[in-house]
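The exercises below are meant to be worked with the sequence and the coordinates side by side. Try each task before reading the solution that follows it.

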Amino acid sequence: MEKLLKVNGNKYNDWLHQQHQQFIEENQDLILQALSAFTGEEEEEEKSEPKAAEQVPVRPQSIPVTQN
């Protein structure tokens with residue numbers, strides 16, 4: 001795969017990072033659900049709803065890839 005990408009002028013690490021970012025963006029709900037279950041926050045949320053001021057939307061952030 002690395003050699004095929006290189007033929008087209010792409011770096012494997014840049015491509016791999018892009019694939020990770022795409023997967024994270026497409027599966028954000030699943031990732032947040034898994035993290036909540038892992039930390040036990042899901043049980044706490046069922047017991048008491050967070051106040052509106054405490055609710056913070058979580059959005060994935062892209063990290064720009066610089067080419068060397």
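**Exercise 1.** In this predicted model, establish how many aromatic pairs there are, and decide whether the rings of Tyr12 and Trp15 are stacked, tilted or edge-to-face.

*Solution.* The count comes to one aromatic pair. The ring centres of Tyr12 and Trp15 lie 5.9 Å apart, which falls within the 6.5 Å allowed for a pair. Their planes meet at 35°, so the pair is tilted, given that stacked rings need an angle under 30 degrees and edge-to-face rings one over 60.

**Exercise 2.** Work out how Tyr12 and Trp15 are placed along helix α2, and whether Tyr12 is buried, partly exposed or exposed.

*Solution.* Helix α2 covers residues 12-26, and because Tyr12 and Trp15 are three residues apart in this helix, about one helical turn separates them. Tyr12 has a relative accessible area of 29% and is therefore partly exposed, while Trp15, at 26%, also counts as partly exposed. For the protein as a whole, 6% of the 68 residues count as buried.

**Exercise 3.** Test whether the end-to-end distance of helix α3 agrees with its number of residues.

*Solution.* Helix α3 runs over residues 28-39, which makes 12 residues. The expected span is 1.5 Å times one less than the number of residues, so the helix should span 16 Å, and its end C-alpha atoms are indeed 16 Å apart, in agreement with that value. Just after α3, Gly40 adopts a positive phi of about 80°.

**Exercise 4.** Describe the overall arrangement of secondary structure, and identify which element has the lowest mean pLDDT.

*Solution.* The protein contains four helices and zero strands, which follow one another along the sequence as α-α-α-α. The mean pLDDT of the protein is 79, with 59% of the residues reaching 70 or more. Among the elements, helix α4 (residues 41-47) has the lowest mean pLDDT, at 57, whereas α2 has the highest, at 96. Where pLDDT is low, predicted coordinates should not be read in detail.

Terms used:
Residues numbered from 1 in each chain as written. Predicted model: local features only at pLDDT ≥ 70, side-chain atom pairs only at ≥ 80, totals over all residues. Heavy atoms only, no water. Helix = DSSP H or I, 4+ residues; strand = E, 2+ residues; numbered from the N terminus. Buried < 20%, exposed > 50% of the residue type's maximum accessible area, 1.4 Å probe, protein only. Phe/Tyr/Trp six-rings, centres within 6.5 Å; stacked < 30°, edge-to-face > 60°. pLDDT = per-residue confidence, 0-100.
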